[in-house]
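Colleague: Please walk me through this model, I'm new to this.

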Amino acid sequence: MATNNTIRQLSVFMENREGRLDEVLHVLAEANVNIVALSLADTSDYGMLRMIVSEPEKGRNVLKEAGITSMLTEVVALRVPHAVGSLSAAMHQIVEGNINIEYMYAFANGADAAAVLKCDNPEKAIDILQTSGFDVYDSDEAYHANR
């Protein structure tokens with residue numbers, strides 16, 4: 001069985017209004033919390049900001065102090081080579097293992113790329129990926145990627 005290499009994603013559900021994203025990012029910057037990767041999905045009324053940050057607990061705490069609701073979610077950060085078909089091959093293994101991916105976003109880190117996966121069984125996904133020859137970032141690597 002794989003070692004638990006899940007990482008913690010900081011998520012902020014926020015109303016879609018002018019300046020709200022700036023407010024969230026400013027709070028994190030003032031606390032010296034670095035954003036490694038992010039995804040922002042929105043509708044006309046609200047947005048979901050998902051981030052991998054250098055210090056997830058600290059990020060959640062400073063946002064809470066600023067009156068901004070956030071939560072931490074366990075995700076998998078898959079490492080794949082920057083090569084055609086790498087992500088496809090990894091996703092094929094996930095599908096074959098009957099793992100459901102709720103959402104995914106990606107970031108580049110030098111010669112590697114990474115896909116952040118929110119899935120229904122992260123531990124099983126990690127085990128499948130590692131058994132298939134893929135790697136996942138541990139928290140130290142993920143929280144400090146590109147530094």
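Modeller: Contact here means heavy atoms within 4.5 Å. It's a predicted model, where local features need pLDDT of at least 70, side-chain atom pairs need 80 or more, and totals for chains, interfaces and linings use all residues. Numbering starts from 1 along each chain as its sequence is written, and side-chain values use heavy atoms, without hydrogens and water.

Colleague: Cool. What is Phe13 in contact with, skipping neighbours within four places in sequence?

Modeller: Tyr46, Gly47, Met48 and Thr69. Phe13 itself lies in strand E1, residues 7-15 (strands, at least two residues, and helices, at least four, are DSSP runs).

Colleague: And how far apart are Phe13 and Glu65?

Modeller: They're 52 residues apart in sequence and 16 Å apart in space, C-alpha to C-alpha.

Colleague: Switching to helices: at what angle do H1 and H2 pack?

Modeller: About 120°, with the axes of H1 (residues 20-30) and H2 (residues 56-65) 9 Å apart. So the pair is oblique, meaning not under 35 degrees, over 145, or 65 to 115.

Colleague: Which residues meet there?

Modeller: Val24, Val27 and Leu28 from H1 meet Gly59, Val62 and Leu63 from H2.

Colleague: Which residues touch the most other members of the largest nonpolar core?

Modeller: Leu78, Ala90 and Leu129, out of 17 residues. Strands E4 (70-81) and E6 (112-119) and helices H3 (86-96) and H4 (122-131) each give two or more. A core joins buried nonpolar residues (under 20% relative accessible area, 1.4 Å probe) through side-chain atoms within 4.5 Å.

Colleague: What does Leu129 touch, beyond four places in sequence?

Modeller: Val76, Leu78, Ala90, Ile94, Phe134 and Val136. There's also a second, separate core of 15 residues, including Val24, Leu28, Leu49 and Ile68.

How values were computed:
Buried < 20%, exposed > 50% of the residue type's maximum accessible area, 1.4 Å probe, protein only. Axes fitted to C-alpha atoms, helices over the stretch in contact; angles between N-to-C directions.
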